[in-house]
Amino acid sequence: MSVSMFSFGLSKTFLGLVVSRAICGAFNGSNGVVNSMVIDITDESNMPKAYGYMPVPWMIGTIAGPLIGGSLSRPADGFPDIFGRSELLKTYPYLLPCSISGVFASVAFLVTYFHLKEDASLGELIKGGFFRLSYPKPPQPSSNVDPGETNPEEVQSKPLSLRALMTPKVSTVTAIYATTDLFHIAFSTVLPVFYATPIELGGLSLDPPCIGAMLAASGVAHGIFQIVFYARLHDYFGARAIHITGVSSGIPIVILFPVINALARAHGIGLAVWLFVAVQLALTTNLIVCFSCLALFVKAAAPNRASVGATNGFAQLFVAGARIVGPASATSIFSYSMQEGHDAWLAYYFMMAIAFLAVGASLLLPRDPSIWEDHQ
């Protein structure tokens with residue numbers, strides 16, 4: 001990731017940008033790994049509370065990222081007294097924010113390498129093969145034990161094959177996870193584009209520092225809300241109700257795009273516009289909470305304890321596909337809609353369809369994750 005960020009800042013062509021982002025995506029699997037680790041070290045009694053703290057690093061990233069990117073892009077123009085003489089930063093106007101992000105990624109790598117305790121050594125992984133996991137063989141039954149009898153503890157400790165892993169429950173939670181993330185990533189990609197687009201073309205005409213500050217403030221609000229309220233809301237309403245409420249918030253979130261633009265055209269960037277922008281960003285808090293709920297259902301859908309990591313990896317595979325399709329499709333439709341003179345309405349229809357799809361899929365979830373676990 002660190003190399004990809006430096007490469008992105010040094011890119012001068014569109015192909016270079018695409019290659020840099022592809023490298024970043026190929027090595028950006030930390031979200032799935034962290035989810036598996038939290039599942040592995042928690043149980044039903046403390047998992048909701050643990051996932052309440054999961055947004056803390058994400059919150060830090062959403063604060064620092066937009067501020068760094070929005071404030072330090074084109075530093076020779078924004079801070080001429082400090083960077084005005086740097087020919088390097090004039091040639092590569094996005095190198096400074098990308099370099100800071102790359103340094104953060106390098107520090108994270110060093111901390112993880114030296115302080116994260118791994119279950120299996122690198123030598124064991126190489127010996128077992130990266131594409132065929134090596135597990136201890138279960139003890140052979142003694143001569144005085146009926147071979148037909150099966151020890152439930154042994155079954156629970158034995159990982160399953162990929163084919164055995166694809167149960168209806170795993171397929172259901174994977175589809176829900178993918179559709180929810182498809183909407184979230186499409187919205188997250190269109191949002192800053194909407195802010196930066198001129199008002200007459202369907203946006204708000206905001207500058208990068210303002211956009212960065214807004215997204216940073218939104219990230220703070222999301223993190224604080226989940227830390228303070230998620231565990232309590234889970235205990236009172238349950239994971240399914242919270243998730244359905246969250247994905248249903250996607251419908252008014254999309255509707256507010258043309259409403260905000262209409263207000264900006266009629267009255268300019270005033271109090272009414274900022275009020276509806278704040279409402280839209282507040283509604284995204286409900287959407288963020290969905291992913292903590294889905295982590296609980298992923299654990300519950302796993303056929304056994306030893307297959308939780310594989311189940312999460314299977315779900316993350318399709319989520320990664322959604323993260324490929326979402327930004328490309330949403331931004332392309334947004335641009336095409338403006339070129340055709342529709343003020344991005346096609347993009348809003350597209351995101352609305354995804355929102356309804358996510359809501360419909362979420363209705364397949366059981367009332368509580370424990371229901372799936374009880375039927376294992």
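Two residues are in contact here when heavy atoms of one lie within 4.5 Å of heavy atoms of the other. With that in hand, we can take a friendly walk through this structure, which is a predicted model.

## The chain as a whole

The protein chain holds 20 helices and zero strands. It has 376 residues, of which 39% count as buried. How do its contacts span the sequence? Among contacts between residues at least 6 apart in sequence, 75% join residues at least 24 apart.

## Thr-179 and Ala-178 in helix H13

Let us begin with Thr-179, which sits in helix H13, a helix covering residues 168–196. Is Thr-179 buried or exposed? Its relative accessibility is 13%, and a residue under 20% counts as buried, so Thr-179 is buried. Leaving out residues up to four places away in sequence, Thr-179 touches Ile-354, Leu-357, Ala-358 and Ala-361. Closer along the chain, a polar atom of the Thr-179 side chain lies 3.0 Å from the backbone oxygen of Ala-175.

Ala-178 also belongs to helix H13. With a relative accessibility of 15%, Ala-178 counts as buried. Which residues does Ala-178 contact, apart from its neighbours within four places in sequence? They are Phe-318, Val-319 and Ala-322. For Ala-322, the C-alpha atom is 5.9 Å from that of Ala-178, although 144 residues separate the two along the chain.

## Helix H19 and what covers it

Helix H19 runs over residues 345–362. Its 18 residues should span 26 Å at 1.5 Å a residue, and its end C-alpha atoms are 26 Å apart, so the two values agree. Several residues of H19 are buried, among them Ala-347, Tyr-348, Met-351, Met-352, Ile-354 and Ala-355. Ala-358, Val-359, Ala-361 and Ser-362 are buried in H19 too. What covers these buried residues? The cover includes H13, helix H15 (239–248), H16 and helix H18 (308–339).

Ala-355 is a good residue to look at within H19. Its relative accessible area is 1%, so Ala-355 is buried. Not counting residues up to four places away in sequence, Ala-355 touches Phe-183, Gly-250 and Ile-251. Ala-355 and Thr-180 are 175 residues apart in sequence, yet their C-alpha atoms are 7.8 Å apart in space.

## How H16 meets H19

Helix H16 covers residues 250–267, and its axis comes within 9 Å of the axis of H19, with a crossing angle of roughly 170°. Angles over 145 degrees count as roughly antiparallel, so H16 is roughly antiparallel to H19. Which residues make this contact? From H16 come Gly-250, Ile-251, Val-254, Ile-255, Phe-257 and Pro-258. From H19 come Trp-345, Tyr-348, Met-351, Met-352, Ala-355 and Phe-356. Sorted by class, the contact of H16 with H19 has 11 nonpolar residues, one polar residue and no charged residues.

A general point about helices is handy when reading such lists. An α-helix has 3.6 residues a turn, so residues three or four places apart point the same way.

## Helix H9

Helix H9 covers residues 95–115 and has 21 residues. From its first C-alpha to its last, H9 reaches 30 Å, close to the 30 Å expected at 1.5 Å a residue. The buried residues in H9 include Leu-95, Leu-96, Pro-97, Cys-98, Ser-99 and Gly-102.

## Three residues in loops

The loops between helices hold some residues worth a visit. Here are three of them, with their places and accessible areas.

| Residue | Loop | Relative accessible area |
|---|---|---|
| Arg-74 | between helix H5 (55–72) and helix H6 (75–78) | 43%, partly exposed |
| Phe-79 | between H6 and helix H7 (80–83) | 33%, partly exposed |
| Ser-205 | between H13 and helix H14 (208–237) | 39%, partly exposed |

What is the phi of Arg-74? Phi of Arg-74 is near 50°, a positive value in a residue other than glycine. Ser-205 is not glycine either, and its phi is positive, near 60°. As for Phe-79, leaving out residues up to four places away in sequence, it touches Ser-71, Leu-72 and Gly-84.

Terms used:
Residues are numbered from 1 along each chain as its sequence is written. This is a predicted model: local features need pLDDT of at least 70, side-chain atom pairs count only at pLDDT 80 or more; totals for chains, interfaces and linings use all residues. Side-chain values use heavy atoms; hydrogens and water are left out. Axes are lines fitted to C-alpha atoms, for helices over the stretch in contact, and angles run from 0 to 180 degrees between N-to-C directions. Helices (H or I, at least four residues) and strands (E, at least two) are DSSP runs, numbered from the N terminus. Angles under 35 degrees count as roughly parallel, over 145 as roughly antiparallel, 65 to 115 as roughly perpendicular and the rest as oblique. Ala, Val, Leu, Ile, Met, Phe, Trp, Tyr, Cys and Pro count as nonpolar, Asp, Glu, Lys and Arg as charged, and the others, Gly among them, as polar. Buried means under 20% relative accessible area, exposed over 50%, partly exposed in between (1.4 Å probe, protein chains only). A polar contact is a pair of N or O atoms within 3.5 Å; within protein, one must be able to donate a hydrogen and the other to accept it, and residues adjacent in sequence count only if both atoms are side-chain atoms. The expected span of a helix is 1.5 Å times one less than its number of residues.
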